[in-house]
Amino acid sequence: MLIPALDLIDGHIVRLKQGDFAEKTVFALDPIARVQAYAADGAALIHIVDLDGAKDPQKRQLDLISRMVQASSCPIQTGGGIRTYEDVQQLLNLGVKRVVVGSAAVKDPALGQKLLQDFGGEAICLALDVRIVDGVARVATHGWLELSELSLEELLAQFSPYGLKHVLVTDIAKDGMMQGPNTALYGQLVSSYPQLDIIASGGVSNLDDLKTLKSLHVPSCVLGRALLTGVFTLQEALALWPNS
């Protein structure tokens, strides 16, 4: 599945480079119209990141997210600063299909396990942002400023027994750089975890990148900057990689 992504700051669609708020591009696009356009073009799921909520949970853009959910004819998954059980419940109550949980689950595996048990694997997407250090994928937290002591594989082992299904994996070095995805990483994950919906995120810069990921049998891929800058359209991408 190809998943168009929208990052939001103060009601505007933006893209960051490697998660750096100082490296921000603002797009003159209406978020409501954009989710409607993606749905009309054939999206089966849309990924929304609330960057205000990621910085300060008190500033979560709940009203905008609710309006985007109501306006979209296809399901929406969203994340950004999800820290508590109540945060997840609140978003699901708004009609969000799936909540993306990252650092909170890495720091408190018991919370992540409880979320999976209580809400089910279809309602929770585990987001793991990694840096490759000496050939090992280490998971980053706190806005990518800190590294967990655990590897990506060790963290997946903590959640797999609790019904984990969807895992969004971002190579920080590739995010927003338009220099191609970390195909070696995703190929390894697909081989090691065929039961998981591994969602590739970061670096897709052209249709050839998508062809490569598809050839590796990567189940899903998030598309951000390439769609917003018009490198290719969602319709062109779906012609190459239809939603299953």
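In this tour, helices (H or I, at least four residues) and strands (E, at least two) are DSSP runs, numbered from the N terminus. What you have open is a predicted model.

**The whole chain**

Start with everything shown as a cartoon. You should find 11 helices and 12 strands in the chain. Turned along the principal axes, the C-alpha atoms fill a box of roughly 40 × 40 × 35 Å. The radius of gyration is 16 Å, which agrees with the value near 18 Å for a compact globule of 244 residues. Of those 244 residues, 52% are buried. Contacts tell you about the fold too: among those with a separation of 6 or more, 65% join residues 24 or more positions apart.

Now switch on a surface. About 10400 Å² is exposed, and carbon and sulfur atoms supply 48% of that area. If you colour by charge, you will see 20 positive and 27 negative charges, whose mean positions are 2 Å apart.

**Stop 1: the annotated aspartates**

Select Asp7 and Asp129. An unreviewed UniProt entry covers these two residues with the annotation "active site", and such annotations may be inferred rather than shown by experiment.

Zoom in on Asp7, which sits in strand 1 (residues 2-9). Its relative accessibility is 10%, so Asp7 counts as buried. Which residues does Asp7 touch, not counting those up to four places away in sequence? Show His12, Ile13, Val14, Arg15, Val49 and Leu51 to see them.

Next, move to Asp129 in strand 7 (residues 124-133). Is Asp129 buried or exposed? With 17% relative accessibility, Asp129 is buried, since the cut-off for that class is under 20%.

**Stop 2: two residues with positive phi**

Most residues other than glycine have a negative phi. With that in mind, select Asp10. Although Asp10 is not a glycine, its phi is positive, at about 50 degrees. You will find Asp10 in the loop that runs between strand 1 and strand 2 (12-17). A relative accessibility of 59% makes Asp10 exposed.

Then jump to His217. Here phi is about 65 degrees, again positive for a residue that is not a glycine. Where is His217? Look in the loop between helix 9 (207-215) and strand 12 (220-223). His217 is exposed as well, with a relative accessible area of 61%.

**Stop 3: helix 6 and its cover**

Select residues 109-119, which form helix 6. Show side chains for Leu111, Gln113, Leu115 and Leu116, and mark Gly112: these residues of helix 6 are buried. What covers them? The cover includes helix 4 (85-93), strand 6 (98-101), helix 5 (103-107), strand 7 and helix 7 (152-159). You have met strand 7 already, as the place of Asp129.

Before leaving, step past the end of helix 6. Gly120 comes just after the helix and takes a positive phi of about 95 degrees.

**Stop 4: strand 10**

Now select residues 166-171, strand 10. Two of its residues deserve a look: Leu168 and Val169.

Leu168 is buried, at 5% relative accessibility. Draw a C-alpha to C-alpha distance from Leu168 to Cys125: these residues are 43 residues apart in sequence and 6.8 Å apart in space. Setting aside neighbours within four places in sequence, Leu168 is in contact with His47, Val100, Cys125, Leu126, Ala127, Leu128, Ile199, Ser201 and Val222.

Val169 is buried too, with a relative accessible area of 1%. Outside the residues up to four places away in sequence, Val169 touches Leu128, Val130, Leu152, Leu185, Tyr186, Leu189, Ile199, Ala200 and Ser201. Leu128, Ile199 and Ser201 appear in the contact lists of both Leu168 and Val169. For another distance, pick Val106: it is 63 residues from Val169 in sequence and 13 Å away in space, C-alpha to C-alpha.

**Last stop: beyond strand 10**

Follow the chain into the loop between strand 10 and helix 8 (183-192), and select Ala173. Its relative accessibility is 46%, so Ala173 counts as partly exposed. How many ångströms separate Ala173 and Gln235, C-alpha to C-alpha? The distance is 28 Å, for a pair 62 residues apart in sequence.

Technical notes
Residues numbered from 1 in each chain as written. Predicted model: local features only at pLDDT ≥ 70, side-chain atom pairs only at ≥ 80, totals over all residues. Heavy atoms only, no water. Rg over C-alpha atoms; globule rule 2.2 N^0.38 Å. Buried < 20%, exposed > 50% of the residue type's maximum accessible area, 1.4 Å probe, protein only. Contact = heavy atoms within 4.5 Å. Areas by Shrake-Rupley, 256 points an atom, 1.4 Å probe, with all protein chains shown as cover. Lys, Arg positive; Asp, Glu negative; His and termini not counted. Charge placed at Lys NZ, Arg CZ, Asp CG, Glu CD.
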